[in-house]
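Hi everyone, thanks for making time today. I'd like to walk you through a structure that is new to most of us, so please have a look at the screen.

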Amino acid sequence: MAYPFIIRRWSAWAPGLQTQDDWQQFAAGRKPPDHQPPPPLQYTPKPLQRRLSPLAKAAMFVVEQCLTPGEPMPAVFSSSHGEIGKCLDMLNDLQRGEELSPTAFSLSVHNAIAGLFSIAYANRCEINCVAPGAGGLGPGLIEALGLLHAGHGEVLLVYYDEVLPDFFPATGFAASLPFPCAAALRLALTGPGLALAFSPTSSTRQDGEQPLQLPAFIEFLAADQSELHLGNGGRGWQWQKL
């Protein structure tokens with residue numbers, strides 16, 4: 001069964017990639033530069049910006065391209081690993097016998113970036129956080145479509161992940177890109193925009209977890225490509241432009 005929906009607006013960022021042309025060139029084989037930070041934020045309050053990690057700045061940057069300041073909207077935040085680098089730093093602090101910072105802890109939990117978004121936009125609408133594991137991009141979109149079918153006119157879907165620290169055996173599990181990546185999609189069921197149909201499928205594909213699937217999805221949005229198939233761990237997803 002296919003589930004139609006509309007992308008009213010979308011934005012994606014990785015080091016050196018933030019426009020549709022950038023992503024088309026990336027699809028053609030250009031490698032993003034290392035260690036390039038996200039662009040400066042325009043609407044996020046300055047005091048709050050000081051609390052943002054590079055991953056949180058990337059997520060807030062793509063959100064800023066899809067929402068106007070103070071615009072309330074239900075949202076889904078999907079990340080395989082969240083702020084896992086901060087968690088590892090705190091575990092190392094514990095191992096050295098050091099005390100943990102309450103601020104660092106509060107900004108390391110899986111819904112930390114969603115919480116910062118709610119503060120920045122004074123957003124009191126429903127916000128769900130997803131850790132999709134082997135499911136890749138599908139679970140976040142299913143959650144967003146569920147909110148739309150529950151009666152919300154528009155929903156913001158944010159995908160984001162950072163590079164896994166070397167401590168974790170990422171290579172064998174196809175769970176990390178060599179660069180951070182974030183994307184925001186402003187979704188609706190009707191109206192103007194890019195019309196797509198989404199279908200869960202049976203699949204033997206092994207495209208990796210969300211961080212590895214996300215660039216392929218962004219390239220699909222940016223390019224003249226009618227269909228995209230992704231899968232991992234026995235779960236498959238199909239997107240078709242209508």
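Before we start, one term: when I say that two residues are in contact, I mean that they have heavy atoms within 4.5 Å of each other. Please also keep in mind that this is a predicted model.

Let me use that term straight away, on Gly 236. This glycine sits in strand β8, which covers residues 235-241. Setting aside neighbours within four places in sequence, Gly 236 is in contact with Ser 199, Pro 200, Thr 201, Ser 203, Leu 230 and Gly 231. Is Gly 236 buried or exposed? Gly 236 counts as buried because its relative accessibility is 2%, and the cut-off for buried is under 20%. Gly 138 is 98 residues away from Gly 236 in sequence, yet the two C-alpha atoms are 8.1 Å apart in space.

Now let's step back to the whole protein. How many helices and strands are there? The protein has 9 helices and 8 strands. Along the principal axes, the C-alpha trace spans about 55 × 40 × 30 Å. For 242 residues, a compact globule would have a radius of gyration near 18 Å, and this protein agrees with that, at 17 Å. Half of the chain is tucked away, in the sense that 50% of the 242 residues count as buried. Among contacts with a separation of 6 or more, 73% join residues that are 24 or more positions apart.

What about the surface? The protein exposes about 11300 Å², and carbon and sulfur atoms supply 54% of that area. On the charge side, there are 15 positive and 21 negative side chains, with the centres of the two sets 6 Å apart.

Let's go inside. The largest nonpolar core holds 36 residues, and the members that touch the most others are Phe 5, Trp 23, Leu 141, Leu 187 and Trp 239. Helix α9, residues 210-222, gives this core its largest share, with 6 residues. There is also a second, separate core of 29 residues, which includes Ile 113, Phe 117, Ala 120 and Tyr 160.

Back to Leu 141 for a moment. Beyond the residues up to four places away in sequence, Leu 141 touches Phe 5, Leu 157, Tyr 159, Leu 187, Phe 198 and Trp 239.

Next, strand β1, which runs over residues 3-13 and contains Ile 6. Ile 6 is buried, since its relative accessible area is 9%. If we skip residues up to four places away in sequence, the partners of Ile 6 include Arg 186, Leu 187, Ala 188 and Leu 189, and also Gly 193, Leu 194 and Ala 195. Cys 87, by contrast, is 81 residues from Ile 6 in sequence and 36 Å from it in space, C-alpha to C-alpha.

Now for helix α3, residues 54-64. How many of its 11 residues are buried? The number is 9, so this helix is mostly covered. Those buried residues include Leu 55, Met 60, Phe 61, Val 62, Val 63 and Glu 64, and the buried set packs against β1, α6, β4 and β5.

Val 62 makes a nice example from α3. It counts as buried because its relative accessibility is 0%. Leaving out neighbours within four places in sequence, Val 62 is in contact with Ser 11, Ala 12, Trp 13, Val 158, Ala 182, Ala 183 and Ala 184. Tyr 160 lies 98 residues from Val 62 in sequence, with the C-alpha atoms 9.7 Å apart.

Two loops to finish. His 81 is in the loop between β2 (75-78) and α4 (84-95). At 17% relative accessibility, His 81 counts as buried. Apart from residues up to four places away in sequence, His 81 touches His 110, Asp 161, Leu 164, Ala 175, Glu 209 and Pro 211. The last of these, Pro 211, is 130 residues from His 81 in sequence and 9.0 Å from it, C-alpha to C-alpha.

The other loop, between α6 (112-120) and β3 (127-130), holds Ala 122. Ala 122 has a positive phi of about 45°, although it is not a glycine. Why does Ala 122 count as exposed? Its relative accessibility is 61%, and the cut-off for exposed is over 50%.

That's my tour, and thanks for listening!

How values were computed: Residues are numbered from 1 along each chain as its sequence is written. This is a predicted model: local features need pLDDT of at least 70, side-chain atom pairs count only at pLDDT 80 or more; totals for chains, interfaces and linings use all residues. Side-chain values use heavy atoms; hydrogens and water are left out. Helices (H or I, at least four residues) and strands (E, at least two) are DSSP runs, numbered from the N terminus. Buried means under 20% relative accessible area, exposed over 50%, partly exposed in between (1.4 Å probe, protein chains only). The radius of gyration is taken over C-alpha atoms; the globule rule is 2.2 Å times the number of residues to the power 0.38. Accessible areas come from the Shrake-Rupley method with a 1.4 Å probe; for residues, only the protein chains shown count as cover. Lys and Arg count as positive and Asp and Glu as negative; His and the chain ends are not counted. The place of a charge is taken as NZ of Lys, CZ of Arg, CG of Asp or CD of Glu. A nonpolar core is a set of buried Ala, Val, Leu, Ile, Met, Phe, Trp, Tyr and Cys residues joined through side-chain atoms within 4.5 Å.
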